[in-house]
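Please look through the sequence and the three-dimensional structure shown here before reading on. The paragraphs that follow take the strands, the ligand and two unusual backbone positions in turn.

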Amino acid sequence: MFIKKYRKARDKNASILVVGLDSDVERIKGFDSVLEFNEHIVKETADLVCGYKINIAFYEKLGWKGYKELEETIELIKNETDLPIILDAKRGDIGNTARAYAEAYFDRLGVDSVTVNPYMGRDSIIPFLEKGHAFILLLTSNKSIGDVELHVYPKVLELARELEKRYPSKVGIVVGATREEYVSEISKRSGDLSWLIPGIGAQGGNPEILRELKGKDVVVNVSRAIIFADNVRKTAEEFRELLARQYFD
Ligand SMILES: O=C(O)c1cc(=O)[nH]c(=O)n1[C@@H]1O[C@H](COP(=O)(O)O)[C@@H](O)[C@H]1O
């Protein structure tokens with residue numbers, strides 16, 4: 001179960017850092033395959049993180065071979081560690097189709113959590129919650145939040161809270177670290193929801209927002225700034241410390 005695995009890893013490794021395996025084949029110089037690259041990243045970071053997030057786009061772009069590397073990467077993390085795996089797929093579709101996605105990710109791939117897009121409402125989210133944990137996009141880190149999200153995020157937060165009552169410990173929200181002006185307000189209304197915070201590192205988000213979130217279940221994703229660093233282990237250690245100073249102290 002995602003929350004149990006996350007809390008155990010967070011406490012053991014004193015870390016709320018999740019490394020994002022956005023292992024773009026164009027940037028994995030010196031490695032023969034994405035799997036080999038991921039093996040190296042996991043070996044260097046497993047004792048510094050509370051989980052891994054895998055963005056499916058970087059695997060899908062390689063076709064069936066990429067999907068195989070995705071399966072093998074998940075197997076590797078499960079065999080070598082007790083760390084939870086978040087599959088970043090940002091899905092959202094009618095219930096019947098959502099069920100097929102949930103079967104693919106939870107039953108076949110065996111991940112612990114999935115990111116979902118709430119635009120189509122609760123019947124597109126519930127199939128995921130019946131099988132595992134889901135992080136619902138609330139206020140994302142990208143520039144265009146004014147187009148849609150800013151108009152609807154209070155509704156999405158309400159929906160996430162409602163779902164959390166029915167599926168305790170299985171519902172989370174995604175809030176970009178670049179959204180600092182909204183964090184305090186969302187935190188007050190977020191109850192027991194878990195948080196996935198991307199946007200620190202390459203996107204320049206502010207780690208100080210973590211001060212508002214002490215005591216909550218929080219994971220902070222850093223992808224490019226760690227996996228493509230010259231010294232992966234040292235960089236991961238620095239991010240772990242930076243986040244821990246804000247969140248634990
Ligand atoms: O759901 C996500 O993980 C996500 C939400 C969001 O608001 N912003 C965001 O960057 N992400 C993802 O988080 C990762 C960020 O990667 P870096 O910018 O390289 O650290 C990518 O996999 C994004 O797709």
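In this predicted model, a good place to begin is the pair of strands β7 and β8, which lie parallel to each other and are joined by three bridges. Within this pairing, isoleucine 197 has valine 220 of β8 standing opposite. On its other pairing, β7 runs parallel to strand β6, residues 171–175, again over three bridges, and here isoleucine 173 has tryptophan 195 in β7 as its bridge partner. Between β6 and β7 the chain passes through helix α8, residues 180–188, and the resulting β-α-β crossover is right-handed.

Strand β7 itself covers residues 194–197, and its residues alternate in direction: Ser194 and Leu196 point one way, whereas Trp195 and Ile197 point the other way, and all of them are buried.

These pairings belong to a wider arrangement, a closed barrel of eight strands that runs β1-β2-β3-β4-β5-β6-β7-β8 with parallel pairing. From one strand to the next, the twist averages 30°. Elsewhere in the barrel, strand β4, residues 113–116, and strand β5, residues 133–139, run parallel and are joined by four bridges, with serine 113 standing opposite histidine 133 of β5.

Turning to the ligand, the model places 19 residues around it, the closest being Thr140, Ser141, Pro198, Ser223 and Arg224. Strand β8, at residues 218–222, and helix α9, at residues 224–227, each supply at least two residues of this shell. By character, the shell divides into eleven polar, five nonpolar and three charged residues.

Two backbone positions deserve separate attention. Alanine 14, in the loop between α1 and β1, has a positive phi of about 45° although it is not a glycine. Is this alanine 14 buried or partly exposed? Alanine 14 counts as partly exposed because it has 14 C-beta neighbours inside 10 Å. Lysine 90, which is found in strand β3, residues 85–91, likewise has a positive phi of about 45° without being a glycine. With 16 other C-beta atoms within 10 Å, lysine 90 is also partly exposed.

As for how far the model can be read, the protein averages a pLDDT of 97, and 100% of the residues score at least 70. For the complex, the predictor gives an ipTM of 0.99 and a pTM of 0.98.

Notes
Residues are numbered from 1 along each chain as its sequence is written. This is a predicted model: local features need pLDDT of at least 70, side-chain atom pairs count only at pLDDT 80 or more; totals for chains, interfaces and linings use all residues. pLDDT is the predictor's confidence in each residue, from 0 to 100. A residue is near a molecule or strand if its C-beta atom, placed from the backbone, lies within 6 Å of it. Ala, Val, Leu, Ile, Met, Phe, Trp, Tyr, Cys and Pro count as nonpolar, Asp, Glu, Lys and Arg as charged, and the others, Gly among them, as polar. A residue is buried if 20 or more other C-beta atoms lie within 10 Å of its own, exposed if 12 or fewer, and partly exposed in between; C-beta atoms are placed from the backbone. Two strands pair if DSSP finds at least two bridges between them. A crossover is right-handed if, with the strands pointing away from the viewer, the path from the first strand over the helix to the second runs clockwise. Axes are lines fitted to C-alpha atoms, for helices over the stretch in contact, and angles run from 0 to 180 degrees between N-to-C directions.
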